[in-house]
Amino acid sequence: MTGLRLTTKKDPKKLGSDQDWLNWKWQIQHRILGAEQLSEFISLTEPEFRSFSECEDLFSFSTTPYYLSLADRENHHCPIRLQFVPQIEELHSNPRDRVDPLEEESHMPVKGVTHRYPDRALWYLSHVCAVYCRFCTRKRKVSQSFNTPGMADWEEALLYFRNHPEIKEVILSGGDPLNLSDSKLDFLLTELKSIPHINQVRIHTRYPVTLPMRITSELCAVLKKHFPIFLVTHFNHSKELTALAKERISLLVKEGAVSVLNQSVLLKGVNDSVEALSDLFYSLTNAGIKPYYLHQCDEVFGSSHFRVPISEGVRLMKALRGRISGLSMPLYVVDLTGGGGKVPLPTDYLEEATQNSYVFKNFNGDLYEIGI
């Protein structure tokens, strides 16, 4: 493979003891933060090396030793490494790309709170992620410490929630909210659960994917205390559903009494095939996770090389419908650029409407007539 820097590569699992490896704080403290360090573990192409320096002003690089251990050392088309290794395509300007495609900042009444939908609000709690995904919608602020809300901002946000009875749901997000300590999460959940009109709390986190050792019995005890809690994670490929990830998801469900769902992003080269999506969705349900959303990749600056045409996404979903269990099928959605919110992307099976009936084509291409 021309252009690769080939040397004997280190095994990330040898960076510490077995006890270290299962310590989430150790994983955070030993994140790989640059090209030279990363090249000790996987072979990088010359363009990938250049991409690090040219992209660093736009978005930070970081990966945990754990998530790095899932990547193929030599294959730069590996679906894991594509998600965290910078690519020169991130610098290619697409006229439709936006820094804040979902207009979160323009729907922010107080620092950290995005109130776009009438009945729910998103609460940005942390600027830190264990791994910085190259397709991230919040590249503009994630990894930037000055964007972290402090205690005074939290108090202002909680006051906003209390004063807006139309808010029925609060979504904890970031960065990653599980980067907070158990005690801080306990405090925030206690405050939210004390507000009578809040019906439910949702946690959006990628740590079950990139840092599953963060899911501990202590964390589960906190979450169970505030039952019901809905946790939405972010697996994009079946390779991410390791034995450890499944073990910690089981802990969440059994010890934490948490309902676990998943939102994936349709990513070119990562999961844009019937086989990859089928494997992912079945692997999720096998692990006790309900596939919830399959997102069209947002029009965020530097991610156009990841985007799959919507027509192809619709084709993939139609190919899956009827071939895998409905329990394993997520809803394919696009979050509208400009802050319009999520809308489902239809997979239309209606072929013809007559005066007395509808004619449908099923997943096999056969036609069936249903009366009006």
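What follows is a conversation in which a colleague asks about a predicted model and a modeller answers.

Colleague: Where does residue numbering start, and which pLDDT do local features need?
Modeller: Residues are numbered from 1 along each chain as its sequence is written. In this predicted model side-chain atom pairs count only at pLDDT 80 or more, totals for chains, interfaces and linings use all residues, and side-chain values use heavy atoms, with hydrogens and water left out, whereas local features need pLDDT of at least 70.

Colleague: Which strands stand at the edges of the sheet of 9 strands?
Modeller: Strands here are DSSP runs of E with at least two residues, helices are runs of H or I with at least four, and both are numbered from the N terminus. Two strands pair if DSSP finds at least two bridges between them, and this open sheet, with mixed pairing, has the order β1-β2-β3-β4-β5-β6-β7-β8-β9. Each edge strand has a single partner, so one side of each is left without a neighbour in the sheet, and these strands are β1 (113–114) and β9 (341–344).

Colleague: In β6, which residue is the bridge partner of Phe-230?
Modeller: Strand β5 (residues 229–233) runs parallel to strand β6 (residues 258–266), and 5 bridges join them. Within β6, the bridge partner of Phe-230 is Ser-259.

Colleague: At about what angle does helix α7 run to β2?
Modeller: Axes are lines fitted to C-alpha atoms, for helices over the stretch in contact (heavy atoms within 4.5 Å), and angles run from 0 to 180 degrees between N-to-C directions. Helix α7 (residues 151–162) lies across β1, β2 (120–126) and β3 (169–174), and its angle to β2 is about 170°.

Colleague: Against which elements do the buried residues of α13 pack?
Modeller: Buried means under 20% relative accessible area, exposed means over 50%, and partly exposed lies in between, with a 1.4 Å probe and protein chains only. In helix α13 (residues 310–320), the buried residues are Gly-313, Val-314, Leu-316, Met-317, Ala-319 and Leu-320. These residues pack against β6, α12 (274–286), β7 (290–296) and β8 (331–336).

Colleague: In the sheet of order β10-β11-β12, which residue of β12 is the bridge partner of Ser-357?
Modeller: This open sheet of 3 strands has antiparallel pairing, and its edge strands, β10 (350–353) and β12 (367–371), each pair on one side only. The twist averages 25° from one strand to the next. Strand β11 (residues 357–361) pairs with β12 over 5 bridges, and the partner of Ser-357 in β12 is Gly-371.

Colleague: What is the relative accessibility of Tyr-358?
Modeller: Tyr-358 lies in strand β11, and together with Leu-350, Phe-360, Ile-370 and Ile-372 it forms a nonpolar patch on the surface. Tyr-358 counts as partly exposed because its relative accessibility is 33%.

Colleague: Which peptide bond is cis?
Modeller: Most residues other than glycine have a negative phi, and most peptide bonds are trans. Pro-228 is found in the loop between α10 (217–225) and β5. With omega near 0°, the cis bond runs from Phe-227 to Pro-228.

Colleague: Phi of Ala-257 is near what value?
Modeller: Ala-257 sits in the loop between α11 (243–254) and β6, and at 26% relative accessibility Ala-257 counts as partly exposed. Its phi is positive in a residue other than glycine, near 55°.

Note on methods:
Patch = residues over 30% accessible without salt bridge, like charges linked within 9 Å, V, L, I, M, F, W, Y side chains within 5 Å. Areas by Shrake-Rupley, 256 points an atom, 1.4 Å probe, with all protein chains shown as cover. Salt bridge = Lys/Arg side-chain N within 4 Å of Asp/Glu carboxyl O.
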